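Biologist: I'm new to reading models like this one. Could you pick a single part and take me through it slowly?

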Amino acid sequence: MSVKAMLREYIGDLPEDQLFCTRDLLGLCSRQSLDVALSDLVKEEFIERLAQGVFRLRKAENAPVSPLVVAEVKLKAFGKSMFDLPEERRSPVSRKLVSAETESSLVIVGTDGKSSSFRYQGKKIVCLSLGPRKCRLGNGLFGSTLRRLWLLGSGEIPKEQAQPAIDNLLMNQQLWNKFVKFLPDWLCRQLSMAGLAYRPAQVV
């Protein structure tokens, strides 16, 4: 069976609308043969290339895919996770990256892998490497909110941005105790001033 025929069979058996990466297919044949076959299948309009190394079966009814989904698929192919980052364009994270890009063309996500970037639908998708403690906050509502506050920097956090985290954490002291050990002292103090009890804890 040719490489292209093998890929057609493999891709045809995937769940409907599932994205796949070049890296997912490396066990099927050599990298050179794989790249040539994928390029041919794109030209033949059997598959659609969404971003470098990310594809899906081409169908007329295919819906648009968000940049965040594409980023997550790319990171997952390398065994890495994606984490939410601040939407506020005034954040230090965004200011460092926006110099060469307009704000509307920039999408930033966090990862526990190395920093990287790629282009998708006219946007630059930046996967920004985060430290282990920021990653350990997870992607839940509370952890994401705390990471957003952390990334705003050590200046005084506006109360309206801290209040959602405080309201939620006050209702669950066990949740606060789970996360506080990962947070820097300055953030704990800021949250304490805004209404949360400051309880220093050692990182485990």
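Modeller: Sure, let's look at one small sheet, then at the helix lying across it, and then at the pocket that this helix helps to line. Before we start, this is a predicted model, so local features need pLDDT of at least 70 and side-chain atom pairs count only at pLDDT 80 or more, while totals for chains, interfaces and linings use all residues. Residues are numbered from 1 along each chain as its sequence is written, and side-chain values use heavy atoms, with hydrogens and water left out.

The sheet is an open one with 3 strands in the order β1-β3-β2, and the pairing is antiparallel. (Strands are DSSP runs of E with at least two residues, helices are runs of H or I with at least four, and both are numbered from the N terminus; two strands pair if DSSP finds at least two bridges between them.) The edge places go to β1 (20-21) and β2 (47-51), and each has a single partner strand, so one side of each has no neighbour in the sheet. Strands of a sheet pair through backbone hydrogen bonds. Here β1 is joined to β3 (residues 54-57) by 2 bridges, and F20 has F55 in β3 as its bridge partner.

Now put helix α2 (residues 31-43) on top of that picture: it lies across β1, β2 and β3, and runs at about 110 degrees to β2. (Contact means heavy atoms within 4.5 Å; axes are lines fitted to C-alpha atoms, for helices over the stretch in contact, with angles from 0 to 180 degrees between N-to-C directions.)

Helix α2 also takes us to the largest pocket, which has a volume of about 510 Å³. (On a 1 Å grid over the protein atoms alone, a pocket is an open set of points where a 1.4 Å probe fits, with protein on both sides within 12 Å along at least five of seven lines, and lining residues have an atom within 4 Å of a point; points are joined across faces, edges and corners, and the volume is the space filled by probe spheres set on them.) Of its 23 lining residues, R31, Q52, G53, K74 and F78 are the closest to the centre. At least two lining residues come from each of α2, α3 (67-77) and β6, and α2 gives the largest share, with 4 residues. By class, the lining has 9 nonpolar, 7 polar and 7 charged residues. (Ala, Val, Leu, Ile, Met, Phe, Trp, Tyr, Cys and Pro count as nonpolar, Asp, Glu, Lys and Arg as charged, and the others, Gly among them, as polar.)
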